[in-house]
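Reader: Could you take me through one part of this model up close, strand by strand? I'd like to see how the pairing goes there, and then how that part sits in its chain.

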Amino acid sequence: MKRICLAILLILVLLPLYSFDFFAEQASRTVSFELEPTFGLYRDKQFHQQIDLRLLAEYNEERYRGLAALTYDSAKNGLEANELSLSLFFGQHALKAGLFTHPWGSASTTHVVDVLQGRDLRRGLVDDLEKMKRPTFMTLFTSYWETSSLELLFKPGFAPSFLPTEGRYSLIPPAFATATITEMETHALSAYEIGSRYRVSLGKLDAGLLYFNGHYPDPGFSITSLAPLSIDLIYTRYQLFGLESSLLLEPFTLAFEGGFFLSEDRSGSESALFNNKLAYLAELSYTHPAYEAFVALAYQGRYVFDFSTNPSDVDFLASYDGKAYENTLIFVVEYPLIHQKLTLRGALTYQMESEGYAFLLGLSYALLDNLHVFGKATIYGALGTKSSLYKSWDDNDVVMVGLQAWF
Amino acid sequence: MKRLFITLTLLILASSLVSADLSANQIMAKVMETQSSSSSALDLMLTLIDPNGQMRERRIQTLSQTKDGLTSSLTIFLSPENVRNTRFLSLEKEDGKSEMWIYLPAMKRSRRIGSSEEGGSFMGSDFSYADMASITYDEKQAVHQMLEEDATRYVIQSIPYEKQTYGKTVSVVDKVTLLPLRVQFYDKDGTTLLKTLVTDQTDVVDGKPIAKALTMTTESSGHATRLVMMQTRFDVPLNSAYFTLKFLETGRL
């Protein structure tokens, strides 16, 4: 609490508010807050309450922008930085450095090539892809031309996925709970990551070619001692050769993402390292011209080469139903009503091999421009008895109500 | 969206007088002709008014530029906070169609949108994207018929050749300023009144009359949207870099 007060104080001491204003033509500062108290009831009758206070501070000059986005989480009594970045603009170029997330991929519902940051599953699955990402330090250089752009990025290390080790969203096997865990150094130059993306617009087609040399943000492991249990967490370095595309076929949009992940363990012989794999996604979305209703159906797949059924192999542990392949369907709908006062959002994910599913439903109502109330429901489960993330989160079904206030 | 600026300009600019003997076609052509400008910058406030009187406000700025007969436009959302820095880019192509993109700051990505979405509500208001682009048709887009004429105004019915959004409009045009004082929009059946636009307030900028405040009312719901031009600049030099993917994504020239 002390830290957030200090941060807020610092920001408030800064100069007047501002945002882009063609008529003002001057440097500016913007400071805004978002308050989001949430109350929830889980299926196991546990009550949950949480208050998030987000602060966004932005400073704009003609040639640079500074941005700080911080969140205070009452449940953890902690302050987290969502973004701390500085951007420079010169000619057709932009240079951004700091802690932030940067999306790759052309689809709307999910991605298979959005690899620049790890996952944040501390709150399970939520209806905002950006909120399920962990920001990371990077430097991003972008050059723009009339119909194309080129991105080059460098990361001095990486931030692994936030995978809860305890609590209701824990993904760590109970046997590991008491283990001594040693993690490889991830914030070191030796753990550098680099990448590039070239995007081009060709008529109704937007396409991008991707290259990334980095690490899987989820760890593999090797057991160094059984009694007491001691584990080394290992992150697999790989190279991604990928593409993203979207084709506008009014009123439909067809998006495709795909990539080959070339692992450092090219033969697939190391059980602690992830193997080579292919990942692919196709999405058909539709926006109703008059009602603005958005509907999308996506198929996401994965195939792991040299798949091993060794129970301690990381690819086996990360698989669904012990298969080398994975097929998932995702359906999303968003429908704004009453002049955008009421918004209905729904998403259904069905993982075919494990027969696991997640259903997210949300209703948001704008009492005022800067005051919204919402209700959300999340249901996890599986049609059968096969184990999966969806099955293990079965008790995490939750109904939540809350509000969002911006000021 | 692509024609947002053209016809916001179309909507608000008018200068020349019209002779008494013009046909409906000629009048509507004149309306379009005299209201155009090579570029414009508009600072707009949209007030959404519920039938119970509750109001919500959206502030936007739009920049528009026409070069070689092709219009580019950019819209920036300034408020409310949850949509601040959302940006629309529309680039008219030589085939008459436009390519449009939207940048969503919450998603940190831009995506292309279809021109068929022009019929949708603009920011939840009673204006559609098509309305924001133009509330009148020129002589190439519709058949115009003079319904009434008196000393101060024309009443002209327009039936568009392509009934994409409306089947018919009836416009009341001021004879002196050529400002549309009232426009009624009918459904594709040509008989059901959908919306009514009324010019509430006029002004003169650089010697040209403009409609400073307009109210669009949806007949079925009673919901209304008032659009006020807070600041306007016409025929000002605009940097072409505003109308690029770089500005769309970075907000910087």
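Author: Sure, let's start in the middle: β8(B) and strand β9 (residues 168-174) of chain B run antiparallel and are joined by 6 bridges. Strands count as paired here if DSSP finds at least two bridges between them. One concrete pairing to click on is B:Y154, whose bridge partner in β9(B) is B:V173.

Before going on, a word on the ground rules. This is a predicted model, so to speak: local features need pLDDT of at least 70, side-chain atom pairs count only at pLDDT 80 or more, and totals for chains, interfaces and linings use all residues. Residues are numbered from 1 along each chain as its sequence is written, while chains are lettered from A and ligands numbered from 1 in the order in which they are written.

Now the other neighbour. Strand β7 (residues 142-149) of chain B is joined to strand β8 (residues 153-160) of chain B by 7 bridges, and these two run antiparallel. A hairpin of 3 residues links β7(B) to β8(B). Here B:V143 has B:I159 in β8(B) as its bridge partner. So to speak of β8(B) is to speak of a strand with bridges to β7(B) and also to β9(B).

Stepping back, chain B has 4 helices and 13 strands; both are DSSP runs numbered from the N terminus, helices being H or I with at least four residues and strands E with at least two. Of its 253 residues, 43% count as buried, meaning that 20 or more other C-beta atoms lie within 10 Å of the residue's own (12 or fewer is exposed, in between is partly exposed, and C-beta atoms are placed from the backbone). Contacts need C-beta atoms, placed from the backbone, within 7 Å. Among contacts in chain B between residues at least 6 apart in sequence, 47% join residues at least 24 apart.

Chain B also touches chain A, with 35 residues from chain B and 29 residues from chain A in the contact. On the chain B side, β1 (39-49), β2 (55-67), β3 (70-79), β6 (109-113) and α4 (245-250) each supply at least two residues. The largest share there, 4 residues, comes from β2(B). By class, that side has 9 nonpolar, 15 polar and 11 charged residues, where Ala, Val, Leu, Ile, Met, Phe, Trp, Tyr, Cys and Pro are nonpolar, Asp, Glu, Lys and Arg charged, and the others, Gly among them, polar.

Key: Two residues are in contact if their C-beta atoms, placed from the backbone, lie within 7 Å.
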